[in-house]
Amino acid sequence: MDEKLKRYQGIFPAFYACYDDTGRVSTSRTKSLAKYLLAKGVTGLYVGGSSGECIYQSVEERKTILEAVMDAVGGKLVVIAHVACNNTADSCELARHAHAEKLGVDAIAAIPPIYFHLPPHAIADYWNAISAAAPNTDFIIYNIPQLAGVALSTQLLQEMAKNPRVIGVKNSSMPTQDIQMWRDATERELVVFNGPDEQLISGLAIGATGGI
């Protein structure tokens with residue numbers, strides 16, 4: 001495996017949203033959970049995804065959570081920040097925030113736009129715009145068709161692979177075989193993460209680099 005990609009081998013817990021007793025984002029509980037997972041010896045964290053309830057949070061809440069995680073474990077774990085919102089401007093804002101020198105996450109990730117089923121070229125434009133907002137940061141495609149309503153295709157992945165910052169796929173589709181398809185879809189090597197916990201063993205067996 002390419003040296004650059006080796007950091008993405010292993011287990012990356014999907015980071016849960018942490019709230020206080022009034023329902024507000026809790027920085028102290030966020031830091032406590034991050035430190036707990038660090039002590040467990042995981043490779044890294046996947047922050048701001050489905051388990052992080054991103055779709056229900058404001059841009060500022062998502063920034064606060066990522067800042068708390070990086071304050072607690074930045075430089076000690078590989079951090080992947082999911083930055084997608086249901087509009088390009090907010091997604092790019094979160095990408096710039098994650099890319100900023102004071103945070104400096106290892107990678108950003110994004111689902112496709114939800115609700116309207118956009119054509120592949122529009123999804124590629126959306127992802128590439130987010131990636132361009134974090135020009136020195138690795139980019140991971142998040143494929144979760146059962147919730148996003150849009151499935152990654154081989155053709156779309158091949159198009160996205162033209163972007164040198166695209167280094168892999170987080171695959172949460174139900175067919176484990178998709179992992180092998182993404183591994184074989186492009187001429188250059190990509191990492192592929194297994195998403196669903198219950199598929200981790202089969203996902204690793206079929207070629208997943210790690211698990212989220």
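Trainee: How much area does the chain expose, and what share do carbon and sulfur atoms supply?

Mentor: This is a predicted model, where local features need pLDDT of at least 70, side-chain atom pairs count only at pLDDT 80 or more, and totals for chains, interfaces and linings use all residues. Residues are numbered from 1 along each chain as its sequence is written, and side-chain values use heavy atoms, with hydrogens and water left out. Accessible areas come from the Shrake-Rupley method with a 1.4 Å probe; for residues, only the protein chains shown count as cover. The chain exposes about 9900 Å², and the carbon and sulfur share is 52%.

Trainee: Why does the radius of gyration agree with a compact globule?

Mentor: The radius is taken over C-alpha atoms, and the globule rule is 2.2 Å times the number of residues to the power 0.38. For 212 residues a compact globule would come near 17 Å, so the chain agrees with its 16 Å.

Trainee: What percentage of the residues is buried?

Mentor: Buried means under 20% relative accessible area, with a 1.4 Å probe and protein chains only. Of the 212 residues in the chain, the buried part is 52%.

Trainee: In which order do the strands of the open sheet run?

Mentor: Strands are DSSP runs (E, at least two residues), numbered from the N terminus. Two strands pair if DSSP finds at least two bridges between them. Here 8 strands pair in parallel, in the order S1-S8-S7-S6-S5-S4-S3-S2. Pairing on one side only marks the edge strands, S1 (10–11) and S2 (44–47).

Trainee: Which residue in S5 stands opposite Ala109?

Mentor: Strand S4 (residues 107–110) pairs with strand S5 (residues 138–143) over 4 bridges, in the parallel sense. Opposite Ala109 stands Ile140.

Methods:
Buried < 20%, exposed > 50% of the residue type's maximum accessible area, 1.4 Å probe, protein only.
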